[in-house]
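Subject: Structure handover

Hi,

Here is the structure I promised. Please open it next to this message; my notes follow.

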Amino acid sequence: FMQQIVVELEINKMVRVWYEPPPGGPRSHLNRGAYAASKSMEPLFVKKLASMRPSTVILPAVGLFAFISYLPLVNQKNLPVTLNPEHQAAQRAYMRYHNMNPINGISSKQARAADPDP
C-alpha cells in the first residue's frame, strides 16, 4: 500500500522543462537555414541585397519597373482618340453642359473664367 502512494506522488510531481526553439525559428530544420536555402548556396548579390536597408532596395526597384513600363509609350505614334485636343474640348463642353463638379471642378466659376472655350 505504501508503494502505491509513493508511485502516485512521483506521477503527480511537476517537472520543470526548458524549451529551446530551433535557431532558425519554428518549422525550421537544424541542418539548413530558415528559408530552406543554405547560406553557402545564396548568390553574392542576394546576400548584399538582404543586408541593405529596405528603402535602398525597394525605391530603385520601383523606379526601374516604372521606367520599363514607360518604354513602350516613348515612341508611340498612334495616340488614343481621347488625347486629341478636339476630343478634350468636346469633353469639357459636355461636362460644363451637364454641370459636373460645380464647386471646384470644370463647372466652377474659376474654371469657366480660366478656360477660353465657351
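Asn99 counts as partly exposed, because its relative accessibility is 43% and partly exposed covers the range between under 20% and over 50%. Keep in mind that this is a predicted model.

Asn99 comes after helix α4. Its place is the loop between α4 and α5 (109–114). Look at the backbone there: phi of Asn99 is positive, near 55 degrees, and the residue is not a glycine.

The helix before it is regular in length. α4 covers residues 85–97, which makes 13 residues. From first C-alpha to last, α4 reaches 18 Å, close to the 18 Å expected at 1.5 Å a residue.

Now stay in the loop. Asn101 also sits between α4 and α5. Phi of Asn101 is positive too, at about 55 degrees, although Asn101 is not a glycine. Asn101 has a relative accessible area of 48%, so it is partly exposed.

Next, Ile103. This residue belongs to the loop between α4 and α5 as well. Is Ile103 buried or exposed? Ile103 is exposed, because its relative accessible area is 65% and the cut-off for exposed is over 50%. Leaving aside neighbours within four places in sequence, Ile103 is in contact with Ser108 and Gln110.

Ser108 is placed in the loop between α4 and α5 too. Its relative accessible area is 2%, so Ser108 is buried; the limit for buried is under 20%. What does Ser108 touch, not counting residues up to four places away in sequence? The answer is Asn101, Pro102 and Ile103. Among these, Asn101 is partly exposed and Ile103 is exposed. Ser108 also has a polar partner: a polar atom of its side chain lies 2.8 Å from the backbone oxygen of Gly105.

One more item, from another part of the chain. There is a nonpolar surface patch of about 820 Å². Leu64, Phe65, Phe67, Ile68, Tyr70, Leu71, Leu73 and Val74 make it. Take Tyr70 as one of them. Tyr70 is in helix α3, which spans residues 54–74. With a relative accessible area of 48%, Tyr70 is partly exposed. That value qualifies Tyr70 on accessibility, because patch residues need over 30% relative accessible area.

To start, I would look at the loop, then at the patch.

Best wishes

Terms used:
Residues numbered from 1 in each chain as written. Predicted model: local features only at pLDDT ≥ 70, side-chain atom pairs only at ≥ 80, totals over all residues. Heavy atoms only, no water. Patch = residues over 30% accessible without salt bridge, like charges linked within 9 Å, V, L, I, M, F, W, Y side chains within 5 Å. Areas by Shrake-Rupley, 256 points an atom, 1.4 Å probe, with all protein chains shown as cover. Salt bridge = Lys/Arg side-chain N within 4 Å of Asp/Glu carboxyl O. Helix = DSSP H or I, 4+ residues; strand = E, 2+ residues; numbered from the N terminus. Buried < 20%, exposed > 50% of the residue type's maximum accessible area, 1.4 Å probe, protein only. Expected span 1.5 Å × (residues − 1). Contact = heavy atoms within 4.5 Å. Polar contact = N/O pair within 3.5 Å; in protein donor to acceptor, adjacent residues only side chain to side chain.
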